[in-house]
Amino acid sequence: MTRESISKIAYKTLQQSKSIAGFAHKQISSRLMNFILPDSKIENIDIDKNLLLEIQNSMDFLREEDWNDAEKNIYPKKLLFDEPWLRYLTQYPKIWLDMPNTWDRRRKQNFDDLPKSIEKDNYPQYYLRNFHHQTDGYLSDFSASIYDLQVEILFNGSADSMRRRIIKPIKEGLENFSNRKKSSIKILDVATGSGRTLKQLRGAFPKEKITGIDLSDSYLKEASRYISDLDGDLIELIKGNAEELPFENDSFQCISCVYLFHELPRTIRDKVLNEFFRVLEPGGTMVLADSIQISDSPNFTSIMENFYKSFHEPFYCDYIKDNINSKIEKVGFKNVKSKSFFMTKVWSAVK
Ligand SMILES: C[S@@+](CC[C@H](N)C(=O)[O-])C[C@H]1O[C@@H](n2cnc3c(N)ncnc32)[C@H](O)[C@@H]1O
């Protein structure tokens, strides 16, 4: 057996193990909740054999894409094995300890249970809530400290493989600037969160200037800790609102944005797309990644519906039906492409 195929088996085994662990966690925690709080209204979807097969196939496709992109040197293979185990080990008990609070919030439909200390005037109304019933919404260090693992569990261990789907279209887009020095290329990651996307980007773009922007101080602090030891230039982190980006027109050659749009009201999605267009240089590329939508993943409709019914995701129901492609074109972008990978859809477009 060649060395290459051994590492592919290792990669697949790692992904499958994470998938089993994520699935087991969700099964145990939801059964426990239904046992302790029978009125908690969690709906279990019926996953029949066919749906299970579809899920399995689309996860296999995602892993194959992930592996092939690394094989083609679109990003280094070490990214595929980059798991912050120690971090997860400290986060996992916190998730269990916090679970009764989450259950209670879900049961009482208490969506605006946020830290008393926050100054609400500093944030848009749609942001002042606890998405997924998470403790403190995006507005505390505690929330930031467990977010990554929560997402990893939600996606059965495939979150980073899905985030990495933005890298190929970014690389292709940056070919428009191939006559420039890499160190002069600027990439902006909007709604950057606690650092996982930035780590994937730095792995693939070691020389380019990378900036991450987010509305949450706590998430930016967590990102700063997480990315502090990465090779390459320091990644710049800025607090700011995607609706009014604090940058001049035509400042960036690429903008990425992962898992933001489903948490925005429809009119704000338009506003944010306009901002992306404004701060991109002509020829620059925008790459979005977010949840799949009903139009191109109809077989997963029950999973999408269960998501907004079981979690607090007030804009998701509208998002999964929104015609993002036509919004992107309306703003002025050209060459709009989209493709789905397991639970994530990726759009790319050029200014
Ligand atoms: C679901 S998380 C995604 C984080 C990250 N991109 C990832 O891949 O995990 C959504 C992020 O969007 C940020 N956010 C929400 N609304 C925002 C806005 N209007 N401007 C900037 N950031 C925003 C939140 O603070 C949070 O960090």
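Trainee: Which residues do ring pairs link into a cluster?

Mentor: Keep in mind that we're looking at a predicted model. A search of the whole structure turns up 16 aromatic pairs. Ring pairs tie one set of residues into a cluster: Tyr 123, Tyr 127, Phe 131, Tyr 138, Tyr 147 and Tyr 219.

Trainee: And the pair of Phe 155 and Tyr 259: what kind of aromatic pair is it?

Mentor: Both Phe 155 and Tyr 259 are buried. Phe 155 sits in the loop between α4 (141-154) and α5 (159-163), while Tyr 259 is in the loop between β4 (252-258) and α9 (266-279), 104 residues apart. Their rings are 5.4 Å centre to centre with 35° between the planes, and planes under 30 degrees apart would count as stacked, over 60 as edge-to-face. That leaves this pair as tilted.

Trainee: Which side chain has an N or O atom 2.6 Å from an oxygen atom of the ligand?

Mentor: Start with the surroundings: 20 residues surround the ligand, and the closest are Tyr 127, Tyr 147, Ala 191, Asp 214 and Val 258. Tyr 147 puts a polar side-chain atom 2.8 Å from a ligand oxygen, and a polar backbone atom of Ala 242 is 2.9 Å from a ligand nitrogen. The 2.6 Å contact to a ligand oxygen belongs to the side chain of Asp 214.

Trainee: How much of the ligand's accessible area does the protein cover?

Mentor: The shell around the ligand divides into 11 nonpolar, 6 polar and 3 charged residues. On its own, the ligand has 590 Å² of accessible area. The part of that covered by the protein is 98%.

Definitions and conventions. Residues numbered from 1 in each chain as written. Predicted model: local features only at pLDDT ≥ 70, side-chain atom pairs only at ≥ 80, totals over all residues. Heavy atoms only, no water. Near = heavy atom within 4 Å. Polar contact = N/O pair within 3.5 Å; in protein donor to acceptor, adjacent residues only side chain to side chain. Areas by Shrake-Rupley, 256 points an atom, 1.4 Å probe, with all protein chains shown as cover. Nonpolar A, V, L, I, M, F, W, Y, C, P; charged D, E, K, R; others polar. Phe/Tyr/Trp six-rings, centres within 6.5 Å; stacked < 30°, edge-to-face > 60°. Helix = DSSP H or I, 4+ residues; strand = E, 2+ residues; numbered from the N terminus. Buried < 20%, exposed > 50% of the residue type's maximum accessible area, 1.4 Å probe, protein only.
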